[in-house]
Amino acid sequence: MTVNLLEHDLESLAVFCQQLGEKRFRAVQLFRWIHQKGAQQFDDMSDLAKSLRGKLTGVAHISPLDVISQHISADGTIKWLFDVGGGNAVETVFIPEDDRGTLCVSSQAGCAVGCRFCSTGHQGFSRNLTTGEIVAQLWYAEHFLRKHLKQEERVISNVVMMGMGEPLQNYTALVPALRVMLDDHGYGLSRRRVTVSTSGVVPMIDRLALDCPVALAVSLHAPNDVLRDKLVPLNMKYPLHELLDACTRYLVHAPRDFITFEYCMLDGVNDRDEHAQELVQLVRSRSQGAAWCKFNLIPFNPFPASGLKRSTQERVLKFAKILSDSGITTTVRKTRGDDIDAACGQLAGDVVDRTQVMVRMARRRDSVATPAVNQSIAKVEQ
Ligand code: SAH
Ligand code: SF4
């Protein structure tokens with residue numbers, strides 16, 4: 001069986017090349033061809049010695065994932081459904097904005113955590129993705145977008161591990177994939193622009209701090225253990241005080257000086273004034289005061305099996321105001337790609353600053369996507 005080179009970070013590709021009797025710089029060349037140029041055929045790698053291309057053909061291949069579907073939203077958001085075999089599929093979402101292009105990447109087919117408000121959680125766990133399957137989402141999206149936007153330079157500037165799955169429950173595949181994203185010979189993304197989102201796998205937060213500290217987002221969703229146990233069952237294993245301790249430990253290594261807390265706004269469940277006040281107390285209970293974290297309030301994207309409702313916009317704004325009035329930087333996430341059902345797990349947020357609520361949720365749709373992206377995407381659609 002030949003090896004899929006998308007499975008390798010640069011270090012393990014160097015070991016692979018060494019086993020073929022090749023020097024490290026050959027691995028660097030190969031890695032650049034794959035990730036920076038999007039090459040899939042060894043014959044296209046013109047500056048690789050013919051003998052090496054021949055050797056590689058027998059033992060290795062570059063296999064992206066098959067695309068089951070591609071949907072393009074009116075706001076420029078693109079959702080791909082990738083086939084990962086065995087009847088499983090994962091989603092990847094591209095979110096264009098004026099100043100960045102964010103790719104939301106999946107880490108597992110399904111998820112074992114089983115959060116009440118999450119459709120992936122309701123679906124149950126199928127399997128972990130491999131490093132190559134995680135990387136393949138970025139590989140495909142980046143090179144698809146470059147080709148169709150006729151752009152030589154990088155299109156994707158940010159990656160958020162906020163697609164399907166709990167990335168920290170697939171740690172051994174995740175870390176090499178993050179390294180490919182960060183590598184200057186790969187996608188060259190800065191640590192600040194790669195975000196791992198977790199429901200709170202405490203021991204793995206500590207490991208990530210040492211192995212590959214990138215930006216961290218923690219899905220909080222509740223201000224106390226009684227409620228969080230119900231919404232995020234992993235809380236029964238790693239309760240809030242342990243989770244917050246892990247977050248403050250992470251700050252020592254983090255590329256940013258704050259942790260982002262995600263908070264899905266559920267009507268009548270976790271969205272009352274008292275919940276916001278309790279959150280303020282929770283955050284202040286840590287020595288760093290209020291400036292060590294930011295809140296990102298996510299309007300819930302309803303699905304029938306959840307039996308839950310989205311909080312009203314008025315409620316979200318009031319909740320945001322309580323947090324921001326107490327000095328906690330708070331953003332409300334815009335829902336993007338609603339029309340193509342791609343709205344869950346996206347990073348874009350509108351800032352609610354400390355003194356004034358400035359949520360612009362009703363921002364004009366067409367101002368959200370980069371016009372060039374919209375135009376080109378319209379062409380792709382035709
Ligand atoms: N498993 C990780 C990352 C994937 S979920 C985690 O839980 O953090 C990414 C984000 O989408 C999380 O903050 C999650 O709480 C949120 N989310 C899940 N289902 C949602 C829904 N139906 N509406 C809004 N946000 C949702
Ligand atoms: Fe899994 Fe995250 Fe969904 Fe919870 S919110 S079920 S951890 S994907």
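Begin by selecting D66, which stands opposite D83 in strand β4, and keep in mind as you go that what you have open is a predicted model.

Widen the selection to residues 66–72, which form strand β3, and to residues 78–83, which form strand β4; the two strands run antiparallel, and six bridges join them. Between these strands the hairpin has five residues, and if you pick out G76 there you will find that this glycine takes a positive phi near 95°.

Next, move to the helices by selecting residues 10–19, which make up α1, together with residues 24–35, which make up α2; these helices pack at an angle of about 125°, with their axes 8 Å apart. Because an angle of that value falls neither in the range of 65 to 115 degrees nor over 145, α1 counts as oblique to α2. If you follow how α1 passes α2, the crossing is a right-handed one.

To see where the helices touch, show the side chains of L10, E11, L13, A14 and C17 in α1, which meet R24, A27, V28, L30 and F31 in α2. Colouring this contact by residue class should give you eight nonpolar residues and two charged ones, with no polar residue in the contact of α1 with α2.

Finally, select ligand 2 and display the residues around it, which are C111, V113, G114, C115, C118, G121, G165, E166 and S199. Which classes of residue make up the shell around ligand 2? Coloured in the same manner, the shell around ligand 2 divides into four nonpolar residues, four polar residues and one charged residue.

Definitions and conventions. Residues are numbered from 1 along each chain as its sequence is written. Chains are lettered from A and ligands numbered from 1 in the order in which they are written. This is a predicted model: local features need pLDDT of at least 70, side-chain atom pairs count only at pLDDT 80 or more; totals for chains, interfaces and linings use all residues. Side-chain values use heavy atoms; hydrogens and water are left out. A residue is near a molecule or strand if one of its heavy atoms lies within 4 Å of it. Ala, Val, Leu, Ile, Met, Phe, Trp, Tyr, Cys and Pro count as nonpolar, Asp, Glu, Lys and Arg as charged, and the others, Gly among them, as polar. Axes are lines fitted to C-alpha atoms, for helices over the stretch in contact, and angles run from 0 to 180 degrees between N-to-C directions. Helices (H or I, at least four residues) and strands (E, at least two) are DSSP runs, numbered from the N terminus. Angles under 35 degrees count as roughly parallel, over 145 as roughly antiparallel, 65 to 115 as roughly perpendicular and the rest as oblique. A crossing is left-handed if the near helix is turned anticlockwise from the far one by less than a right angle, and right-handed if clockwise. Contact means heavy atoms within 4.5 Å. Two strands pair if DSSP finds at least two bridges between them.
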